[in-house]
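Here is a short briefing to read alongside the model. It begins with one residue and then widens to the chain.

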Amino acid sequence: MVKAYDWMVKCTPQTEWIEHKGILLWLAFFFIELGAGAYFVGSFFNSLPAKGIGWLLCGLLGGGLHFLYLGRPFRFYRMVVRPQTSWISRGMIFVSLFLLLGFINIVLGFFSITSSILSVLTIVLSFLVVIYGGFAMCCINGIPLWNTALLPIIYVASGLWGGAGITLGVAVAKGSAQMLTGVEEWVHLLLISFIILLFTYLISINYGTIAAKTSISEIIKGKGWYIFWIVVVIIGIGIPVIAMMTGSRSTPAAILYLTLLCELLGDLGMRYLILKYGFYNPLIPKTT
């Protein structure tokens, strides 16, 4: 519990985006970016089921949870009036346009009608939806764990990695060997990128301010250690790496779906840690 005036001399955690109703925002960001990532990857393989699943995850789960998080949900339209200064406004515009145009594109695809312009627009919008959450956080100067250009890149890698995993699951369900091979290459590339980016991010943050060091300490060896080492490293990264070395062709479908679940749990765990252990610098720096 934070005592009065502690924020002046100690690092204090942000709580608005992770505690109580903040849990809804954590889940909303996860499903919005996961769904947009599935739509993005599914578009490159012309997979209508992957795009449909992505749209549902983004719109129903992500959008619904975000709507529930708002203090006055029916005034959400006010969030879009400042796109020139606010990443939250830009994000709401990206998500709204993506859901509208993505829905039209999916319906047209269902009737075997294609529109190149609409397809390109929805791919661009889905990418913007994946990346906006990272930008919304990294522009907050008071929290060093978030205030880094690496954060949006990590969120892109994790969102597309999760999206590629869902598309891989669709390929397995359809029994499409050609699609399976193509998506598997995406999954492997994004997995390796995510691992490199994540550990580069953690190491670079640890060279920052006292609040940055406190965040990393809490994640690696403090209260969040078991989530980081067990959920993120062992389950979320270790098991997918083993699956990558084994190859999807020689792996039973049930194991592939279990690997996808592990991947998503690891991503969810990492996002929780980044939100939970985002500390503000103290107002009065410690002198030596």
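Glu33 counts as buried in this predicted model, with a relative accessibility of 0%. That value falls below the 20% limit under which a residue is called buried. The residue sits in helix α2, which covers residues 22-44, and its side chain has a charged partner to look at: a polar contact of 2.7 Å joins the side chains of Glu33 and Arg271.

**Around Glu33**

- Which residues does Glu33 touch, not counting those up to four places away in sequence? They are Val129, Val130, Gly133, Gly134, Tyr155, Gly159 and Arg271.
- Arg271 therefore appears twice in this picture, as a residue that Glu33 touches and as its partner in the side-chain polar contact, for which N or O atoms must lie within 3.5 Å.

**Around Gly236**

- Gly236 is another residue worth a visit, and its place is in helix α9, residues 225-246.
- Is Gly236 buried or exposed? With a relative accessible area of 1%, Gly236 is buried.
- Once neighbours within four places in sequence are left aside, the contacts of Gly236 are Trp161, Val231, Cys262, Glu263 and Gly266.
- Leu260 lies 24 residues from Gly236 in sequence, and their C-alpha atoms are 9.0 Å apart in space.

**Fold and dimensions**

- The chain contains ten helices and two strands.
- In sequence order these elements run α-β-α-α-α-α-α-α-α-α-α-β.
- The radius of gyration is 20 Å, close to the 19 Å that the globule rule gives for 288 residues, so the chain is as compact as a globular protein of that length.
- If you orient the C-alpha trace along its principal axes, the chain spans about 65 × 45 × 25 Å.

**Packing and surface**

- Of the 288 residues in the chain, 50% are buried.
- How many of the contacts between residues at least 6 apart in sequence join residues at least 24 apart? The share in this chain is 74%.
- About 14,200 Å² of the chain is exposed, and 71% of that area comes from carbon and sulfur atoms.

**Charges**

- The chain carries 17 positive and 9 negative side chains.
- Between the centres of these two sets there is a distance of 9 Å.
- To come back to the starting point, Glu33 is a buried residue, and its side chain makes a polar contact with that of Arg271.

Note on methods:
Residues are numbered from 1 along each chain as its sequence is written. This is a predicted model: local features need pLDDT of at least 70, side-chain atom pairs count only at pLDDT 80 or more; totals for chains, interfaces and linings use all residues. Side-chain values use heavy atoms; hydrogens and water are left out. Helices (H or I, at least four residues) and strands (E, at least two) are DSSP runs, numbered from the N terminus. The radius of gyration is taken over C-alpha atoms; the globule rule is 2.2 Å times the number of residues to the power 0.38. Buried means under 20% relative accessible area, exposed over 50%, partly exposed in between (1.4 Å probe, protein chains only). Contact means heavy atoms within 4.5 Å. Accessible areas come from the Shrake-Rupley method with a 1.4 Å probe; for residues, only the protein chains shown count as cover. Lys and Arg count as positive and Asp and Glu as negative; His and the chain ends are not counted. The place of a charge is taken as NZ of Lys, CZ of Arg, CG of Asp or CD of Glu. A polar contact is a pair of N or O atoms within 3.5 Å; within protein, one must be able to donate a hydrogen and the other to accept it, and residues adjacent in sequence count only if both atoms are side-chain atoms.
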